[in-house]
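Biologist: I would like to go through the labels attached to this model and hear the reasoning behind each of them.

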Amino acid sequence: VIPEQVTYNNYTYSVTSIGSSAFRDCSGLTSVTIPNSVTSIGSSAFRGCSGLASVTIPNSVTSIGDYAFDGCTNLKELIIEDGETILELGFNNYDNTGEGLFYDCPLKTVYLGRNLSYNDQNNYGYSPFYTTPITTLTIGGNATQIGRYAFYGCSGLTSVTIPNSVTTIGDYAFDGCSGLTSVTIGNSVTTIGDSAFSGCS
């Protein structure tokens, strides 16, 4: 458990960030509780924490740095709590070079409680969930858009329900999700981007 405050030399400080490489390669770490005082998670903060099975990102966090969960080879559940602020995500590779935000993470269950921001250009890796083996995706009521390439190549998805809060499904959002057999789109969606469901064979 990461505390909300720490005392050092008789001064009390709020814990507002988890620094770069703070818990890198702590392979014995099996769970982590991030308090609501934290607003940022630094690059490589939990990189190589191969024992981590589940992570909850509180709604106070507004940014997660490059490679933050790279190599968490047991991470199966990700919960991004409901929130009004946009969560900015770091770099994720797409060319099998072995680096990325959730590279090599066997993510199965994802709860998306708010909008995400990430670089969606090809040379920056499309999205954080590229080709992760997600089988269960739940989109919360505070999400208003599904970004470009958001779940590109997530072939393990079999069904998706887009809630009424969502107005836009971005280009290539579910491209290559070859396992999809059912999609329910809420009545607030006004735009579905190019190739959003291409390759959903």
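Biologist: Why does Arg47 count as buried or exposed, whichever label applies?

Modeller: This is a predicted model, so the values are computed from its atoms. Arg47 has 13% relative accessibility, and buried means under 20%, so Arg47 counts as buried.

Biologist: What makes the contact of Asp70 and Arg47 a salt bridge?

Modeller: The side chains of the two residues meet at 3.6 Å, N to O. The rule asks for a nitrogen of Lys or Arg within 4 Å of a carboxyl oxygen of Asp or Glu, so the pair of Asp70 and Arg47 qualifies. Asp70 lies in the loop between strand 6 and strand 7, and Arg47 in the loop between strand 4 (40–41) and strand 5 (54–57), so the pair ties together parts that are 23 residues apart in sequence. Asp70 is at 7% relative accessibility and therefore counts as buried.

Biologist: Which residue forms a salt bridge with Arg148, and how far apart are the closest N and O atoms?

Modeller: The partner of Arg148 is Asp171, with the closest N and O atoms 3.2 Å apart. This pair links distant parts of the chain, 23 residues apart: Arg148 sits in the loop between strand 12 and strand 13, Asp171 in the loop between strand 14 (168–169) and strand 15 (182–185). Arg148 has a relative accessible area of 28%, and the class between 20% and 50% is partly exposed, so that is the label for Arg148.

Biologist: How many salt bridges are counted?

Modeller: The count comes to 3 salt bridges. Among them is the pair of Asp25 and Arg24, with the closest N and O atoms 4.0 Å apart. Asp25 counts as exposed at 53% relative accessibility, because exposed means over 50%. Arg24, at 38%, is partly exposed.

Biologist: Why is there no bond between the sulfurs of Cys105 and Cys72?

Modeller: The sulfur of Cys72 is the closest cysteine sulfur to that of Cys105, but the distance is 5.0 Å. A disulfide requires sulfur atoms within 2.5 Å, so the two are too far apart for a bond. The sulfur of Cys154 is likewise too far for a bond, at 5.3 Å from its closest cysteine sulfur, in Cys177. The count is 0 disulfides. Cys105 is buried at a relative accessible area of 4%, and Cys154 is buried at 0%.

Biologist: What is notable about the phi of Tyr67?

Modeller: Tyr67 has a positive phi of about 60°, although it is not a glycine. Most residues other than glycine have a negative phi. Tyr67 is placed in the loop between strand 6 (63–64) and strand 7 (77–80). Tyr149 also has a positive phi, near 60°, and its place is the loop between strand 12 (145–146) and strand 13 (159–162). With a relative accessible area of 8%, Tyr149 is buried.

Biologist: How do you know that the radius of gyration agrees with a compact globule?

Modeller: For 201 residues a compact globule would have a radius near 17 Å, and the protein has 17 Å, so the two agree. The C-alpha trace spans about 60 × 35 × 25 Å along its principal axes. The secondary structure comes to 0 helices and 16 strands, and buried residues make up 45% of the 201 residues.

Technical notes: Residues numbered from 1 in each chain as written. Predicted model: local features only at pLDDT ≥ 70, side-chain atom pairs only at ≥ 80, totals over all residues. Heavy atoms only, no water. Buried < 20%, exposed > 50% of the residue type's maximum accessible area, 1.4 Å probe, protein only. Helix = DSSP H or I, 4+ residues; strand = E, 2+ residues; numbered from the N terminus. Rg over C-alpha atoms; globule rule 2.2 N^0.38 Å.
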